[in-house]
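The following exercises concern the structure shown below. Each task is followed by a worked solution.

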Amino acid sequence: MKRTLPLLLALGCLLATTQAATAQPVDIYSRPRKAERSRTYDALHYRIQLRFDEQAKSFWGENTITLTPLHDGFTECVLDAETFTVSAVTDEAGRALDFEQTPHQVRVRFPRAYAYGDTLTFTVAYHAENVDVDAEAFGMSASYDLGLGFKDETPEHPRLINTLSFPEGARHWFPGYDHPNDRATNEVIATVRSDYQVLSNGRLVSVSEDSVHQTKTFHWSQELPHPTYLFVLVAGPYVVLEDSLGALPINYWVYPKDVADAPRSLARTPEIIAFLNALYGVDFPWIKYDQVIIPGIGGGAESTTATVLGQSTIHDARAHQDFPSEWLVAHEAAHQWWGNLVSYRDWSQIWISESFATFSEYLWAGHDLGAEEGAVNLLNKKNAYLREAHTRYQRPIVFDRWRYPNENFDRHTYQKGATVLHMLRQQMGEAAFFRALRHFLQKHAYQPVDTHDLMIAIKEATGQNLDWFFEQWIFSPGHPVFEVSYTWMETSKHIRLRIDQVQDTTQGVPIFKTPIAIKVVTSEGELVKHLWSNARRVTFDFDIGSKPLLVRFDEGNHLLKQWTFEKSKEELLYQLAHDDVLGRSWAASELSTFVDDPHVVATLMQSAEHDAFWHVRRSAIEQIGALWDVAHLDFLKQRSLDRHAQVRATALRLLGDRADADLVDFFKKRFEEDNSYVAQAEALRSLGKCGDRSVAPFLEAAARLSSPRNIIRSAAEGALELLMGDGES
Ligand SMILES: [Zn+2]
């Protein structure tokens, strides 16, 4: 899943919102220790029948459960059950079975003992009235509709019904074994008003109509086993747009008002699935793939064969440059392999799902947008993790301390895990890495796994023992913090490179053993050396013919790291002109030390205007923006017309930081003329920083405009708050 981070960038999955906007240090080691749940039976099949009273927000269900005991003398069965009330339990012959419902469970007692290997079937009848789950009591944000929710019609969406089974929401809409170490097949048979469509997992078996009661009954069947948190039901007046990849049906379930806009976000799904088929070497493992739009979440959730996507996935043409959705489509589609085909045994192991889905986003970005955008995508993931590492905590990726499953769905699981997979790929080599992944997927298809299963699959497929890699990157917290320096020895024509790891190792962060590529460029050419850092300090001597023009640390930008590398002005200027995208961006930011030199400033301005890649232009502009003299004002104004919206937004922000009331008309004009919502929002924020209260009506008008994710309204309100708050203090 990708979680909802309220406004901004939802992550790939239902990132729920326990790690809210304010990042504060968290003592994660005070959390209780958790373990995979032991079980006494193996659930084989659930046949879930449901009907609804939308007005009363009530539903009635019958779940016919088939299971097999995992021990002899099996006389009772405990099912997870929340929110609904069980009214009866009956055996296959319809005879009543004894049961007891407690706050979180239903205990069913059988009149005789069953043996290991027996199969038994019984039916639980239940109902829930005026459903209103307190999601916070289950570790989710208050706005998260855990379980089964009834949505009233709003301007944004029609009236509809949808479930959110992640992470422990299934138990709110049907009784069952709701922990990820069990997989079962299931049917969903739902009766709804006749103008609704119903989507669930698997194959649509039938639709029958009752003209007397004006209802339709949809019968869905998921015929390959999956864990309960991937069960889904969505019902509403959807329009179903049909697509396909060869024989694989691919459908988009969208609100009637979104039919024209939906293809912009969803139409590349077949291409994405074809990409993932080829990448992972295992064809899409389910009978069909649906995506359905729902309200109330910011990202998506990868229910088996039927991903739910938050309604902000669909947008108009103008929003497409600011908020493209393909990354989310790719993330959720990747889950159909990672998380669904192989699933995790326990909530401590979720990186097997989320890190791979997030890694797949990066691979898709590189494939679709080119290597440079791919590099920026990976850098952003590293930085997202580093922000969490610096402000909240550093934990091992596989981590067994949590109160609620949702606490593990953080930037360690998503972004750090994705960057670790990238490093694993570099370590193993392309062919070996993907061969091992294919072996893992095939060996454990339709099974729950833990990290050791992956470690073993790597050994089986490649012969490589990567236990040391997993130990430091998956089972230990933190990341390396490098201090890099070198000395040029003119007489002996060589450089001595020193690499220190200076991270604090008192809290379990290791000294990392890691390969590092070093590129040295001289006037005669370049060479790349592959070295290892595996101690607090390592030094290397290279013979080179002449003084280096550039010594590049981590050529290829593969490592998750913090680092400092003090360089001369000349070397940074060379790097700004000649290195790869991330090297040029880095050099621009390092040159901030030398902006008292007019030549440096002129070169940065040149780069800010003419570098071919937006990320470098943006980095160069940041340095110009730090110069508070009037001379650079016109330059920033001109850069706020850059062809890339992120660059324009940065220029507008830097201009706003000058708090110059003379810029009010300029910002108004930019707001009115820019076609990017992100740049417009920045123009509004900058207006707020100008300190001129006469712009309040302008901001108030902007606050009434609708925009994707309400980005314009939020910016206008923030600007107003700043503006009106200022004078009072
Ligand atoms: Zn996800």
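**Exercise 1. Environment of Thr487**

Determine which element holds Thr487 and which residues Thr487 contacts beyond its sequence neighbours.

Solution. The model is a predicted one. Leaving aside neighbours within four places in sequence, the contacts of Thr487 are His494, Ile495 and Arg496. Thr487 itself lies in strand E22, which covers residues 481-489. Its relative accessible area is 42%; buried requires under 20% and exposed over 50%, so Thr487 is classed as partly exposed. As a further step, consider Lys567, which is 80 residues away along the chain: its C-alpha atom is separated from that of Thr487 by 10 Å.

**Exercise 2. Thr185: buried or exposed?**

Classify Thr185 and list its contacts outside the local sequence.

Solution. Thr185 belongs to strand E10 (residues 184-193). Its relative accessibility is 15%, and the limit for a buried residue is under 20%; therefore Thr185 counts as buried. With neighbours within four places in sequence left aside, Thr185 is in contact with Leu44, His45 and Tyr46, and also with Gln222, Glu223, Leu224 and Pro225.

**Exercise 3. A polar side chain in a loop**

Locate Glu407 and identify a polar partner of its side chain.

Solution. Glu407 sits in the loop that links helix H6 (371-391) and helix H7 (412-428). Its relative accessible area of 6% makes Glu407 buried. The side chain of Glu407 forms a polar contact with the side chain of Arg403, at 2.5 Å.

**Exercise 4. Strand order in a sheet**

Establish the order of the open sheet of five strands, then describe the pairing of E15 with E16.

Solution. Strands of a sheet pair through backbone hydrogen bonds, either parallel or antiparallel. Here the order is E15-E16-E17-E19-E18, and the pairing is mixed. Strand E15 (239-245) and strand E18 (300-301) are the edges, each pairing on one side only. E15 and strand E16 (residues 248-254) run antiparallel and are joined by seven bridges. Within this pair, Ser244 is opposite Pro249 of E16.

**Exercise 5. The chain as a whole**

Assess the compactness of the chain.

Solution. The chain contains 20 helices and 28 strands. Its radius of gyration is 28 Å, close to the 27 Å given by the globule rule for 729 residues, so the chain is as compact as a globular protein of that length. The C-alpha trace spans about 95 × 65 × 50 Å along its principal axes. Of the 729 residues, 57% count as buried. Among contacts with a separation of 6 or more, 68% come from residues 24 or more positions apart. The exposed area is about 28,400 Å², of which carbon and sulfur atoms supply 50%.

Definitions and conventions
Residues are numbered from 1 along each chain as its sequence is written. This is a predicted model: local features need pLDDT of at least 70, side-chain atom pairs count only at pLDDT 80 or more; totals for chains, interfaces and linings use all residues. Side-chain values use heavy atoms; hydrogens and water are left out. Helices (H or I, at least four residues) and strands (E, at least two) are DSSP runs, numbered from the N terminus. Buried means under 20% relative accessible area, exposed over 50%, partly exposed in between (1.4 Å probe, protein chains only). A polar contact is a pair of N or O atoms within 3.5 Å; within protein, one must be able to donate a hydrogen and the other to accept it, and residues adjacent in sequence count only if both atoms are side-chain atoms. Two strands pair if DSSP finds at least two bridges between them. Contact means heavy atoms within 4.5 Å. The radius of gyration is taken over C-alpha atoms; the globule rule is 2.2 Å times the number of residues to the power 0.38. Accessible areas come from the Shrake-Rupley method with a 1.4 Å probe; for residues, only the protein chains shown count as cover.
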